[in-house]
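Here are some exercises on charge pairs, pockets and a cavity, each with a worked solution. Have the structure open and try each task before you read on.

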Amino acid sequence: MEYERWDEVLAPYEHAVEELKVKFKNIRKEFLTKGEYSPIEFVTGRTKKIASIISKAKRLDIDDIEENMEDIAGIRIMCQFVEDIYTIVELIKNRSDMSIVYEKDYIKNFKDSGYRSYHVIIRYPINSIAGSKEILCEIQIRTLAMNFWATIEHSLKYKYEHYIPEDLAVRLRRAADAAFLLDQEMSEIREDIMKAQVMYQVKNVTVRDVLKKIQELYNLGDTNKAIIYQRRLDKIDNEEDITEIIKLKREIDDLLEVYKDTRKK
């Protein structure tokens, strides 16, 4: 492929990566805004480098990279627990803005190297001034432990040009097993961790809501009440039990309702 055309060829993939990152980050935000546990911890993405595309095309004898190379656009979704991975896969399956081509479960069927991850290959529609087209994109879904191991392995593959010495490969496989044992151990206490995180998130959402309502009182000119509520919030903000914060929120809600009724009259 002529070098001059690379920008034109890669542009849709770059757009897809940016759009998909935003969409999955918004899914996480939606869970958290509702005070619920999010299976998505964070999202990253990249477009494959030109040198890597050329190298892979030669290695696998690929003529049409747009039709046959599935990872030019890549999204990586990190989770806390193995169970979250399968939750995200179901979320992807239920979306109407992308279609699954096929899946590769390297968790139940991990590679000899010890690599574990879940890959979903999708077709994703992109609209541009040149028209609309569907492109292939690879979504990798991993736990934080799996991602740590995979990042190290990728660096070693780069150093040794894909041929890691056997003694180092053996140690890597042991490390992969250890990382997966950590995931399994965390899954054992998953319910407790999730409850703690949800409570923390509910508190954050409630405090944010109270602060917003205190600002409304300032805007309405009731500075004295706003200051009193702010001081009460400061006193109870560090308490683990959010009962008092919820009571404060309801009290402010009632006061704001009175102002609302007064305006109507």
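**Exercise 1.** Decide whether lysine 104 is buried, partly exposed or exposed in this predicted model, then find its salt-bridge partner.

*Solution.*
- Step 1: Lysine 104 has a relative accessibility of 21%. Buried means under 20% and exposed means over 50%, so lysine 104 counts as partly exposed.
- Step 2: The partner of lysine 104 is glutamate 70, with the closest N and O atoms 2.9 Å apart.
- Step 3: Glutamate 70 sits in the loop between helix 3 (65-68) and strand 2 (73-79), while lysine 104 is in strand 3, so this pair ties together parts that are 34 residues apart in sequence.
- Step 4: Glutamate 70 has 15% relative accessibility and counts as buried.

**Exercise 2.** Find the salt-bridge partner of lysine 23 and work out which parts of the chain the pair ties together.

*Solution.*
- Step 1: Lysine 23 forms a salt bridge with aspartate 97, and the closest N and O atoms are 2.9 Å apart.
- Step 2: Place both residues: lysine 23 belongs to helix 1 (residues 6-33), and aspartate 97 to the loop between helix 4 (82-93) and strand 3 (99-105). The pair therefore ties together parts that are 74 residues apart in sequence.
- Step 3: Now check the accessibility. Lysine 23 is partly exposed at 25%, whereas aspartate 97, at 19%, counts as buried.

**Exercise 3.** Describe the salt bridge between aspartate 209 and lysine 249, then look at the wider set of charge pairs.

*Solution.*
- Step 1: The two side chains meet at 3.5 Å, N to O. The cut-off is 4 Å, so the pair of aspartate 209 and lysine 249 qualifies as a salt bridge.
- Step 2: Aspartate 209 lies in helix 7 (residues 190-220) and lysine 249 in helix 9 (residues 243-264), which makes this a link between distant parts of the chain, 40 residues apart.
- Step 3: Both partners are partly exposed: aspartate 209 has a relative accessible area of 22%, and lysine 249 has one of 23%.
- Step 4: Zoom out. The structure holds 22 salt bridges, and a network of them links Glu83, Asp84, Arg190 and Glu191.

**Exercise 4.** Which element gives the most residues to the lining of the largest pocket, and what classes of residue make up that lining?

*Solution.*
- Step 1: Start with the space itself: the largest pocket has a volume of about 1600 Å³.
- Step 2: It is lined by 33 residues, and those closest to its centre are Lys48, Asp71, His154, Lys157 and His162.
- Step 3: Strand 1 (42-47), helix 2 (50-60), strand 5 (131-143) and helix 5 (144-159) each give two or more residues to this lining. Helix 5 gives the most, with seven residues.
- Step 4: Sorted by class, the lining has 15 charged, ten polar and eight nonpolar residues.

**Exercise 5.** Describe the second largest pocket by its volume, its lining and the element that gives the largest share.

*Solution.*
- Step 1: The second largest pocket has about 230 Å³ of space.
- Step 2: Its lining has 14 residues, with Glu8, Pro12, Ser128, Ala130 and Lys133 nearest the centre.
- Step 3: Helix 1, strand 4 (118-128) and strand 5 each give two or more of the lining residues. Helix 1 has the largest share, with five residues.
- Step 4: By class, this lining divides into six nonpolar, four polar and four charged residues.

**Exercise 6.** How many cavities of 30 Å³ or more does the structure have, and which residues line the largest cavity?

*Solution.*
- Step 1: A search of the whole structure finds one cavity of 30 Å³ or more. The largest cavity has a volume of about 60 Å³.
- Step 2: The residues that line it are Gly114, Tyr115, Arg116, Ala145, Met146, Trp149, Ala176, Ala179, Phe180 and Asp183.
- Step 3: Helix 5 and helix 6 each give two or more residues to this lining, and helix 6 gives the most, with four.
- Step 4: The lining has seven nonpolar residues, one polar residue and two charged residues.

**Exercise 7.** Find the residues that make a nonpolar surface patch of about 240 Å², and place leucine 182.

*Solution.*
- Step 1: The patch is made by Leu182, Met186 and Ile189.
- Step 2: Leucine 182 is in helix 6 (residues 166-188).
- Step 3: With a relative accessible area of 46%, leucine 182 is partly exposed.

Key: Residues are numbered from 1 along each chain as its sequence is written. This is a predicted model: local features need pLDDT of at least 70, side-chain atom pairs count only at pLDDT 80 or more; totals for chains, interfaces and linings use all residues. Side-chain values use heavy atoms; hydrogens and water are left out. Buried means under 20% relative accessible area, exposed over 50%, partly exposed in between (1.4 Å probe, protein chains only). On a 1 Å grid over the protein atoms alone, a cavity is a set of points where a 1.4 Å probe fits but cannot get out, and a pocket is an open set with protein on both sides within 12 Å along at least five of seven lines; lining residues have an atom within 4 Å of a point. Grid points are joined across faces, edges and corners, and a volume is the space filled by probe spheres set on the points. Ala, Val, Leu, Ile, Met, Phe, Trp, Tyr, Cys and Pro count as nonpolar, Asp, Glu, Lys and Arg as charged, and the others, Gly among them, as polar. Patches are made of residues with over 30% relative accessible area and no salt bridge: like charges are joined within 9 Å, nonpolar side chains (Val, Leu, Ile, Met, Phe, Trp, Tyr) within 5 Å. Accessible areas come from the Shrake-Rupley method with a 1.4 Å probe; for residues, only the protein chains shown count as cover.
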